[in-house]
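Opened a new entry today. I wanted to go through this one from the whole chain down to its details.

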Amino acid sequence: MLDLGWSELLLIGIVALIVVGPKDLPVLFRNVGRFVGKAKGMAREFSRAMEQAADDAGVKDAANSFKSAASYKDMGLDSVKDAAKSFTDWNPDAEARGMDEKRADAARKIHDATARKAQTRQDAEAKAAADATSADAPASPAPASTSGDRE
């Protein structure tokens, strides 16, 4: 409703005391209190009427069905959530230490084969680059004649 602090209420009280006067001030505050009480009662009654109309129209049932349709537990997605959590908690170093010897050997072989393939590719690229630079180099000039044709 209105967001009034103590300082604002004190200011309103002082202004009311000056404007209305000390004799009629209690009557004014009593009437303001009654008005605020009636306004709160009307707002509460309006809110109840709106909730009742929504219940009669089936809005609450529709909201509950939407909530149940969107619930990950009802759709069986709680196991997916648990699996995703296990992926976030995964530590590859801990798993590598816990590997049996056969899996560790296979991992080493894969790593070595990948490294060999990468080295072969890098060597081929370096050779192609060297061939390209040698093909682009201009041919060496012909040797100058030393015969005395000029003079």
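Before counting anything, I fixed the term: a residue is buried when its relative accessible area is under 20%. By that cut-off, I found that buried residues make up 3% of the 151 residues in the protein chain. I also looked up the surface: the protein chain exposes about 13700 Å², and carbon and sulfur atoms supply 61% of that area.

**Confidence.** I noted that this is a predicted model, so I checked pLDDT before going further. The mean for the protein chain is 78, and 73% of its residues reach 70 or more. Which element has the lowest mean pLDDT, and which the highest? I got helix α5 (residues 92–97) at the bottom with 58, and α2 at the top with 90. Reminder to self: where pLDDT is low, the predicted coordinates should not be read in detail.

**Fold.** I counted 6 helices and 0 strands in the protein chain. Written along the sequence, the pattern is α-α-α-α-α-α.

**The helices I took a ruler to.** I started with α1, which covers residues 6–20 and has 15 residues. From its first C-alpha to its last I got 20 Å, close to the 21 Å expected at 1.5 Å a residue. Just after α1 comes Gly21, where I read a positive phi of about 105 degrees.

Next I went to α2, residues 25–57, with 33 residues. The reach between its end C-alphas is 48 Å, close to the expected 48 Å. Just after α2 I found another glycine with a positive phi: Gly58, at about 85 degrees.

**The largest pocket.** How much space lies in the largest pocket? I have it down as about 300 Å³. I listed 12 residues in its lining, and those nearest the centre are Leu4, Leu9, Ile12, Phe29 and Val32.

Then I asked which helix gives the most to that lining. The answer is α2, with 6 residues. Helices α1 and α2 each supply at least two residues of the lining. By residue type, I sorted the lining into 9 nonpolar, 2 polar and 1 charged.

**Back to where I started.** I closed the page with two things side by side: α2 has the highest mean pLDDT among the elements, and α2 also gives the most to the lining of the largest pocket.

Definitions and conventions. Residues numbered from 1 in each chain as written. Predicted model: local features only at pLDDT ≥ 70, side-chain atom pairs only at ≥ 80, totals over all residues. Heavy atoms only, no water. Helix = DSSP H or I, 4+ residues; strand = E, 2+ residues; numbered from the N terminus. Expected span 1.5 Å × (residues − 1). 1 Å grid on protein atoms, 1.4 Å probe; cavity = no way out; pocket = protein on both sides within 12 Å on 5 of 7 lines; lining within 4 Å. Points joined across faces, edges and corners; volume = space filled by probe spheres on them. Nonpolar A, V, L, I, M, F, W, Y, C, P; charged D, E, K, R; others polar. pLDDT = per-residue confidence, 0-100. Buried < 20%, exposed > 50% of the residue type's maximum accessible area, 1.4 Å probe, protein only. Areas by Shrake-Rupley, 256 points an atom, 1.4 Å probe, with all protein chains shown as cover.
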